[in-house]
Amino acid sequence: MSGIADLLDGIGETDWELSTECTGWSVRDIAAHLLGAQEDGMSVPTALRRRRTGKRRYPGLSLLDAANQVQIDSHAQKSTQDLALNYRANIPKLAKRVERFPKVLAHIPVDKTMAPGNSPLRLGYLYNVIYLRDAWMHGIDLARTTGHPRPVSDMEAMVVEQIMADASIQWGAGPGLEVELTGEICGSWQLGRPGRPSRATAVGLDLCRRLSGREPDTEVLAVSASPAQVDKLARLRIVF
């Protein structure tokens, strides 16, 4: 995402070691993780190798956290300038890879221990949806930590649509809830059964952060929803 590349280019020398909302990760760690995720996205063997290395090197971590740490380790010797340059250089390569992702691989199940919350995922969904969603959210993390403007791209609407679609799946077939998002990310989405749903409203950016497990700045508010429905939405989590 070129917006993240622009943000990385603008980070001041003293800001790279700032702690972020991702527990234990600095700005530099997130940049290294983003670069590593690009590399994993361009090469399934690289992703599998990092998983094996992580399992051996970090037995106390989940396979996902261990593989992520190996991504960071892989770029520990790079200068911050090279992290930013390499990330930008990989953007067109990764876009081409996603466009040409082999259909024969797309439906292969991903080991549940490699997905947040042990969620059942297919390889194509992990590569073509989750990686992009994760990068989008980390762009927000970087902006909140460094004070730079949040990266925005023409893919944001698609990312948010996928986020709310997964939120609807997690909500299930229970009584419907219409969610109105306000602010920078706005629109209305239906969760649960159609018909005459109850309504709730939330700041769009904050709800997306909440769905990822991050601590939001604002609360979900009822319009005509019951307290139980508001609480259910506030506790909802999806894979990032």
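The bend at a residue is the angle between two fitted axes, one through the seven residues ending there and the other through the seven starting there. In this predicted model, helix α5 has such a bend: a kink of about 35 degrees sits at isoleucine 91, shortly before proline 92.

Kink aside, how far apart are the end C-alpha atoms of α5? The helix covers residues 80–99, and at 1.5 Å a residue its 20 residues should span 28 Å; the end C-alpha atoms turn out to be 29 Å apart, so the two values agree. As for packing, Leu83, Ala84, Tyr87 and Asn90 of α5 are buried. The cover over the buried residues of α5 includes two other helices, α1 (2–10) and α2 (27–42).

Now for the protein as a whole. Its secondary structure amounts to ten helices and six strands. The C-alpha trace spans about 55 × 40 × 35 Å along the principal axes. For 240 residues, a compact globule would be expected to have a radius of gyration near 18 Å, and the protein comes in at 18 Å, so the model agrees with that expectation.

Burial and contacts fill in the rest of the picture. Of the 240 residues, 49% are buried. If contacts are taken between residues at least 6 apart in sequence, 58% of them join residues at least 24 apart. On the outside, the accessible surface adds up to about 12,000 Å², with carbon and sulfur atoms contributing 54% of that area.

Key. Residues are numbered from 1 along each chain as its sequence is written. This is a predicted model: local features need pLDDT of at least 70, side-chain atom pairs count only at pLDDT 80 or more; totals for chains, interfaces and linings use all residues. Side-chain values use heavy atoms; hydrogens and water are left out. Helices (H or I, at least four residues) and strands (E, at least two) are DSSP runs, numbered from the N terminus. The expected span of a helix is 1.5 Å times one less than its number of residues. Buried means under 20% relative accessible area, exposed over 50%, partly exposed in between (1.4 Å probe, protein chains only). Contact means heavy atoms within 4.5 Å. The radius of gyration is taken over C-alpha atoms; the globule rule is 2.2 Å times the number of residues to the power 0.38. Accessible areas come from the Shrake-Rupley method with a 1.4 Å probe; for residues, only the protein chains shown count as cover.
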